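Good morning, and thank you for making room for me. I would like to walk through one structure with you, slowly, for anyone who has not seen it before.

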Amino acid sequence: MITNEVVNQAIDYILRHIEEEISLETVAKACHLSKYYFCRTFKAETGEGVYEFIRRVRLEQSAFRLKTERQRSITAISADYGYSSSNYSSAFKGHYHVTPVVFRKNSRKKTMEHPFFHQESWQAESFEECNKKMVLKELPDCYVIYERGFGSYEYLSRSWKGFLEKYREYLTENTRFFERTYDDPAVTQKKNCLYDICMSVKRDCSLENTTTIQGGRYMAYSYKGHIKDIYKAYQTIFLEWLPRVSYELDSSRSLFDLYHQVEVMSPTEGAEMFYIEMEICVPIRD
């Protein structure tokens, strides 16, 4: 987990401004630190240098948009992240080992091996099936305790176990549980996937690791099933739903899961047998 709240503030700042010119000095100033101390702290907590992190996130966000914004040209998407056409192709190939054109073509596959449960394959739902599960909602802000980490989303159930034990004194009958995921595992290496696990709390909570999950307009996808099939639900949204609707993903807010029910169906078979009822909340703008 990333326990340094200044580093978490820096990550939040970078993600909000990822399509802008970002300097080390700007991020350090926003966090009220000298750039030298900030650099050492960021690298110690994340394992990446600040510029290395910014460069990686830009390429991965652009790759996600190549996948979901099929009507936009590669040149237009690369320009959003400050790349010229030739520089983008070179940087992209250095990161993904294929050109943007090939990546976009390959990303449209709708049946693939599961990245977490390798004995499984998944197939995307149709647009019609997915759209039936989507409901437009205006969600309120929610104040939460959170812990942030990098790593495979496959192991989030383990993180939840320790999280709930650590903060059990804050649990009430009205507590809500959220999971914010910032990356698409089909685009980002599993070890680099960023996530927050969160539980609602009163605003007078004195803990340092609190934040607000921003409300607003969301399309909520109703999910009921085993944990192993959540990946398929997300990929259906990314591959089938987003490319065909008039809504645009609002990149200033993160996707999150709002949990309603979790049951352990078979303790001997592992996390894939957890039964989940939740909503996948996709921030949108018209």
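I will go through the cores, then the aromatic rings, then the strands, and finally two residues and a helix. Please keep in mind throughout that this is a predicted model.

Let me begin with the interior. The largest nonpolar core has 40 residues, and the ones with the most contacts inside it are Tyr221, Ile237, Trp241 and Ile280. Several elements each supply at least two residues of this core, among them the helices α8 (127-132) and α9 (156-166) and the strands β4 (142-150) and β6 (194-200). Which element gives the largest share of this core? That is α10, with eight residues. If we set aside the neighbours within four places in sequence, Tyr221 is in contact with a list of residues that includes Cys130, Met134, Ala233, Ile237 and Ile280, and also Glu125, Lys133, Met278 and Glu279. Apart from this core lies another one, of 32 residues, and Ala28, Phe38, Phe53 and Val187 are among its members.

Phe53 brings me to the aromatic rings. A search of the whole structure finds 19 aromatic pairs, and in one of them Phe53 meets Phe150 edge-to-face, with 6.4 Å from centre to centre and 80° between the planes. Because Phe53 belongs to helix α4 (residues 50-68) and Phe150 to strand β4, this pair ties together parts that are 97 residues apart in sequence. Are these two rings buried or exposed? Phe53 has a relative accessibility of 1% and so counts as buried, whereas Phe150, with a relative accessible area of 22%, is partly exposed, since buried would require under 20%.

Elsewhere, ring pairs link Trp160, Phe163, Tyr167, Tyr170, Phe177 and Tyr259 into a cluster. There is also a charge over a ring to point out, because the charged end of Arg253 sits over the ring of Tyr218, 4.7 Å from its centre.

Now to the strands, where I would ask you to find β8 (216-226). On one hand β8 pairs with strand β3 (residues 134-139) in the antiparallel sense over six bridges, and there Glu138 stands opposite Arg217 of β8. On the other hand β8 pairs with β11 (274-285), again in the antiparallel sense, over nine bridges, and there Ser222 stands opposite Glu279 of β11.

Next, two residues that the sequence alone would not put side by side on the page. Ser126 lies in the loop between β2 (121-123) and α8, while Glu240 has its place in helix α10. The two are 114 residues apart along the chain, and their C-alpha atoms are separated by 6.7 Å. Which residues does Ser126 contact, leaving aside its neighbours within four places in sequence? They are Thr236 and Glu240. Ser126 is partly exposed, with a relative accessible area of 27%, and Glu240, at 7% relative accessibility, counts as buried. For contrast, the C-alpha atoms of Glu240 and Glu48, which are 192 residues apart along the chain, are separated by 33 Å.

I will finish with helix α4, the one that holds Phe53. At 1.5 Å a residue, its 19 residues should span 27 Å, and the end C-alpha atoms are indeed 27 Å apart, which agrees. The helix α4 is also mostly covered, as 15 of its 19 residues are buried.

Methods
Residues are numbered from 1 along each chain as its sequence is written. This is a predicted model: local features need pLDDT of at least 70, side-chain atom pairs count only at pLDDT 80 or more; totals for chains, interfaces and linings use all residues. Side-chain values use heavy atoms; hydrogens and water are left out. A nonpolar core is a set of buried Ala, Val, Leu, Ile, Met, Phe, Trp, Tyr and Cys residues joined through side-chain atoms within 4.5 Å. Buried means under 20% relative accessible area, exposed over 50%, partly exposed in between (1.4 Å probe, protein chains only). Helices (H or I, at least four residues) and strands (E, at least two) are DSSP runs, numbered from the N terminus. Contact means heavy atoms within 4.5 Å. Rings of Phe, Tyr and Trp (its six-membered ring) pair if their centres lie within 6.5 Å; planes under 30 degrees apart count as stacked, over 60 as edge-to-face and the rest as tilted. A charge sits over a ring if NZ of Lys or CZ of Arg is within 6 Å of the ring centre and within 35 degrees of the ring normal. Two strands pair if DSSP finds at least two bridges between them. The expected span of a helix is 1.5 Å times one less than its number of residues.
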